[in-house]
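Please open the structure in your viewer and keep the selection tool at hand, since this tour goes from one selection to the next and says what can be found at each stop.

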Amino acid sequence: MAMASSSSSSLLHSPNPFSPKTKPFILPNPKSTHFTINSSAQPPPNLTAKHRRPADENIRDEARRNNNHDHLFSAKYVPFNADPFSPESYSLDEIVYRSQSGGLLDVRHDIDALKRYDGKYWRTLFDSRVGKTTWPYGSGVWSKKEWVLPEIDDDDIISAFEGNSNLFWAERFGKQFLGMNDLWVKHCGISHTGSFKDLGMTVLVSQVNRLRKMGRPVVGVGCASTGDTSAALSAYCASAGIPSIVFLPANRISIAQLVQPIANGAFVLSIDTDFDGCMQLIREVTAELPIYLANSLNSLRLEGQKTAAIEILQQFDWEVPDWVIVPGGNLGNIYAFYKGFHMCKELGLVDRIPRLVCAQAANANPLYLYFKAGWKNFKAVKANATFASAIQIGDPVSIDRAVYALKKSDGIVEEATEEELMDATAQADSTGMFICPHTGVALCALFKLRNSGVIKPTDKTVVVSTAHGLKFTQSKTDYHSKDIKDMACRFANPPVQVKADFGSVMDVLKKYLLSKVH
Ligand SMILES: Cc1ncc(COP(=O)(O)O)c(C=O)c1O
Ligand SMILES: N[C@@H](CCOP(=O)(O)O)C(=O)O
């Protein structure tokens with residue numbers, strides 16, 4: 001196999017790093033041979049196809065047997081948006097959420113080490129792992145392990161093989177309502193716990209699992225939540241046997257979201273405040289007790305969430321979409337998407353990044369107001385009730401991260417009123433989707449940017465669906481029952497009451513079918 005680039009003839013004489021003894025899906029150790037992997041490099045052949053692991057060996061055992069302990073890559077915490085030469089940094093094994101100045105942290109990878117492999121090599125490696133069951137690469141997150149948490153032992157990973165979500169071609173919705181032929185919905189809510197939070201939580205809980213095995217004083221993991229973060233945290237902690245503690249704003253989350261942490265055994269505190277109040281309390285409590293903070297203030301979460309951006313590129317066969325629209329609340333996810341796209345550009349997998357759009361509910365729109373004010377004089381707001389309950393957040397912890405991502409991607413912020421988001425949700429559902437109200441917010445942003453001509457009919461556009469509609473059925477029931485005060489519910493589709501006799505049923509059906517003919 002011709003491996004050498006023109007400048008590394010030594011490779012021709014070095015042992016082929018992909019020889020049969022090489023384990024599949026892992027990178028050869030460049031330290032063992034002074035060579036540069038060039039674009040002719042191919043991923044290791046799928047050697048596992050030729051042999052089966054012993055019947056009494058599970059996939060974790062197999063990974064342990066194959067594990068390549070050579071840590072070629074590393075990452076650390078640094079102050080967010082810090083000077084590359086800033087001396088302040090922390091091991092990911094430290095329990096730290098803020099910089100010395102009190103600002104946010106970010107996970108910075110050893111880019112020079114990653115750059116030892118060119119873009120084609122990373123594309124080929126990641127593509128070779130999609131959908132496999134080899135531990136831990138069956139996960140859409142851990143199939144990019146070298147870019148996520150490179151130093152964690154496979155054995156410490158807690159994964160539900162999350163990710164690899166459907167990038168759905170919204171053919172009918174795009175054509176019928178937007179005159180678009182290249183509209184896609186990234187269904188991050190079709191996932192283990194029904195939201196994109198799984199992507200970040202597998203990383204955070206895996207790291208906590210590692211810390212506890214190291215003997216670090218972590219008695220549990222805690223978060224404030226509008227529902228989805230607590231659902232993901234409780235599920236992954238339950239999987240790991242780690243206690244989880246969740247702070248929920250009383251009477252402000254859906255029943256489906258409330259039952260998840262309860263069912264998964266979390267210690268659930270229903271607190272008579274809103275999310276922002278819960279967030280303040282969890283920050284105070286985790287500063288006093290050995291409870292690890294799991295909100296996206298903790299930048300580890302974003303390392304997992306960024307893989308959804310990489311997946312979108314993979315699913316487009318590494319073609320970059322023109323727009324990616326993301327609903328925003330605490331504002332970690334819009335930054336995570338930027339991180340994923342930017343890392344792919346920085347490491348040569350693609351040559352540009354998409355323009356990002358962050359969509360907010362008009363009832364909880366601090367980022368939108370800041371954007372419209374020209375990024376001057378940010379003010380937190382009192383978040384009012386919205387059907388998009390998971391983004392009812394007035395004082396987002398990641399405001400600075402979101403602004404950075406939007407500035408770097410020539411991004412836009414849009415908002416949606418309650419009627420607009422509920423109508424958009426019903427319209428999307430009428431074309432065969434079953435989306436959450438937050439996806440409705442993102443679709444409203446798309447409607448507005450199409451109507452203003454900013455997004456063109458042929459622009460390749462991705463709307464990120466962040467949770468499954470089944471977690472928010474009450475809002476749909478209210479809408480289709482036309483049981484929402486001051487809302488026309490234009491697209492309501494209420495059931496028809498009919499007497500239980502053949503004649504009555506036939507009358508109703510004939511009327512319906514005739515309406516379909518004209
Ligand atoms: C369903 C859903 N969509 C969107 C968001 C917004 O994500 P972020 O808080 O990272 O902006 C959240 C959480 O906040 C959510 O739970
Ligand atoms: N919608 C979120 C709010 C908290 O967001 P996080 O990313 O900071 O955990 C939730 O589902 O709780």
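The domain bounds used on this tour come from an automatic or database domain assignment, and a residue is counted as near a molecule if one of its heavy atoms lies within 4 Å of it. Please also keep in mind that this is a predicted model.

**The cavity**

Begin with the whole structure, in which a search finds 5 cavities of 30 Å³ or more. For this tour, turn to the second largest cavity, which has a volume of about 310 Å³. To find it, select Phe-196, Lys-197, Asn-330, Ala-390 and Ile-391, which are the closest to its centre of the 26 residues that line it. Which molecules sit here? Ligand 1 sits in the second largest cavity, and ligand 2 sits there too.

**Ligand 1**

Select ligand 1 next, and show the 15 residues around it, of which Asp-228, Gly-329, Asn-330, Leu-331 and Thr-466 come nearest. By class, this shell is made up of 6 nonpolar, 7 polar and 2 charged residues.

Now look at the backbone of Asn-330, where an N or O atom lies 2.7 Å from an oxygen atom of ligand 1. At Ala-390, a backbone N or O atom lies 3.5 Å from an oxygen atom of ligand 1, while at Lys-197 it is an N or O atom of the side chain that is 3.5 Å from an oxygen atom of this ligand. On its own, ligand 1 has 380 Å² of accessible area, and the protein covers 98% of that area.

**Ligand 2**

Move on to ligand 2 and display the 13 residues around it; those that come nearest are Ser-225, Thr-226, Thr-229, Ser-296 and Asn-330. The shell of ligand 2 holds 3 nonpolar, 7 polar and 3 charged residues.

If you colour the model by domain, you can ask which domains supply this shell with at least three residues each. They are domain 1 (72-196 + 298-517) and domain 2 (219-289), each of which gives at least three residues to the shell around ligand 2.

Then select Ser-225, whose side chain has an N or O atom 2.7 Å from an oxygen atom of ligand 2, and after that Ser-296, where a polar side-chain atom lies 2.7 Å from an oxygen atom of ligand 2. Return finally to Ala-390, where a backbone N or O atom lies 2.9 Å from a nitrogen atom of ligand 2. Of the 340 Å² of accessible area that ligand 2 has on its own, the protein covers 95%.

Notes: Residues numbered from 1 in each chain as written. Chains lettered and ligands numbered in written order. Predicted model: local features only at pLDDT ≥ 70, side-chain atom pairs only at ≥ 80, totals over all residues. Heavy atoms only, no water. Polar contact = N/O pair within 3.5 Å; in protein donor to acceptor, adjacent residues only side chain to side chain. Areas by Shrake-Rupley, 256 points an atom, 1.4 Å probe, with all protein chains shown as cover. 1 Å grid on protein atoms, 1.4 Å probe; cavity = no way out; pocket = protein on both sides within 12 Å on 5 of 7 lines; lining within 4 Å. Sits in = over half its atoms within 2 Å of the grid points. Nonpolar A, V, L, I, M, F, W, Y, C, P; charged D, E, K, R; others polar. Points joined across faces, edges and corners; volume = space filled by probe spheres on them.
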